[in-house]
Amino acid sequence: VKMDLRIRPWLRDDIPQIVHYWKALSAADAERMGADVLRFPSREEYEQILTRQFDTPEKQTTAFYSMWLVDGSAVGFSSLKDIEYGIRGSMHLHMWDETKRGKGLGGTLFCLSAIDFYDRFQLREIVCEPSSDNPLPNRMLQKAGFLLTGTRFGRSSDLGAEQQLNTYAVTRQAAASYLN
């Protein structure tokens, strides 16, 4: 069965669902992803943070979300953090619909988001740094053709625990090749 895979820029109405995803994580999922639940703001604070990011003009923002849609329903998102407009950003990926994980959908949705981020923010470089212990994103990034350029010990985001991270170069060319 062919599914309709699309992305769209986040809407203000997506904020509660993004917050719910993070606040509802099981301990096992948080550990697998390398998230440090002790670093999570309260639900209200997190909604305020995301609302401020949403309200910041794209040329000034440091964070942006691309919603992943399968047959019209949001199943997850890519976020672009640490945005330096015209230069670089750091990409993350999350599929909150567990029934869609491991089915090969993430690669297409991630690559669609990457190309949109390159165009929207006029970027020259995007990196993605999943936990080296999290097999799903590492497998997807490798399968999509993104090169592992190194590893480092640190945090991939404000919500991340200190851990071993794999650094992938998310090139526009590799994303476009994967989609063709």
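## Exercises on helix packing, core and loops

Helix 4 (residues 105-121) packs against helix 6 (residues 172-179) at an angle of about 140°, and their axes are 9 Å apart. The model behind these exercises is predicted.

**Exercise 1.** Classify the packing of helix 4 and helix 6, then describe their contact.

*Solution.*
- Step 1. Start with the angle, about 140°. Angles over 145 degrees count as roughly antiparallel, and 65 to 115 as roughly perpendicular. The angle of about 140° therefore makes helix 4 oblique to helix 6.
- Step 2. Take the hand. The two helices, 4 and 6, cross in a left-handed sense.
- Step 3. List the residues. Helix 4 brings G107, T108, C111, L112, A114, I115, Y118 and D119. Helix 6 answers with R172, A175, A176, Y178 and L179.
- Step 4. Sort them by class. The contact of helix 4 with helix 6 holds 9 nonpolar, 2 polar and 2 charged residues.

**Exercise 2.** Do the same for helix 1 (residues 15-23) and helix 3.

*Solution.*
- Step 1. The axes of helix 1 and helix 3 cross at roughly 135° and come within 10 Å. Helix 1 is therefore oblique to helix 3.
- Step 2. The crossing of helix 1 with helix 3 is right-handed.
- Step 3. From helix 1, the contact uses I15, P16, I18, V19, H20, W22 and K23. From helix 3, it uses R43, Y46, E47, L50, T51 and F54.
- Step 4. By class, this contact of helix 1 with helix 3 has 8 nonpolar, 2 polar and 3 charged residues.

**Exercise 3.** Find the residues with the most contacts inside the largest nonpolar core, and trace the neighbours of I18.

*Solution.*
- Step 1. The largest nonpolar core has 49 residues. Inside that core, I18, W22, F110 and F146 have the most contacts.
- Step 2. Ask which element supplies the largest share. Helix 4 does, with 9 residues.
- Step 3. Leave out residues up to four places away in sequence. I18 then touches W10, L50, Y65, M67, F77 and W96. L50 is also one of the helix 3 residues in the contact with helix 1.

**Exercise 4.** Decide whether I15 and T61 are buried or exposed, and name what they touch.

*Solution.*
- Step 1. Locate them. I15 is in helix 1. T61 is in the loop between helix 3 (43-55) and strand 2 (64-70).
- Step 2. Apply the cut-off for buried, under 20% relative accessible area. I15 has 2% relative accessibility, so I15 is buried. T61 has 4%, so T61 is buried too.
- Step 3. Again leave out residues up to four places away in sequence. I15 touches W10, E47, L50, T51 and F54. T61 touches Q53, T56, I83 and F121.
- Step 4. Add a distance for I15. P130 is 115 residues away along the chain, and the C-alpha atoms of I15 and P130 are separated by 23 Å.

**Exercise 5.** Examine the backbone and accessibility of D71 and Q122.

*Solution.*
- Step 1. Check phi. D71 is not a glycine, but its phi is positive, near 50°. Q122, also not a glycine, has a positive phi of about 50°.
- Step 2. Place them. D71 sits in the loop between strand 2 and strand 3 (73-84). Q122 sits in the loop between helix 4 and strand 5 (125-128).
- Step 3. Read the accessibility. D71 has a relative accessible area of 49%, so D71 is partly exposed. Q122 has a relative accessible area of 49%, so Q122 is partly exposed. The cut-off for exposed is over 50%.

Notes: Residues are numbered from 1 along each chain as its sequence is written. This is a predicted model: local features need pLDDT of at least 70, side-chain atom pairs count only at pLDDT 80 or more; totals for chains, interfaces and linings use all residues. Side-chain values use heavy atoms; hydrogens and water are left out. Axes are lines fitted to C-alpha atoms, for helices over the stretch in contact, and angles run from 0 to 180 degrees between N-to-C directions. Angles under 35 degrees count as roughly parallel, over 145 as roughly antiparallel, 65 to 115 as roughly perpendicular and the rest as oblique. A crossing is left-handed if the near helix is turned anticlockwise from the far one by less than a right angle, and right-handed if clockwise. Contact means heavy atoms within 4.5 Å. Ala, Val, Leu, Ile, Met, Phe, Trp, Tyr, Cys and Pro count as nonpolar, Asp, Glu, Lys and Arg as charged, and the others, Gly among them, as polar. A nonpolar core is a set of buried Ala, Val, Leu, Ile, Met, Phe, Trp, Tyr and Cys residues joined through side-chain atoms within 4.5 Å. Buried means under 20% relative accessible area, exposed over 50%, partly exposed in between (1.4 Å probe, protein chains only).
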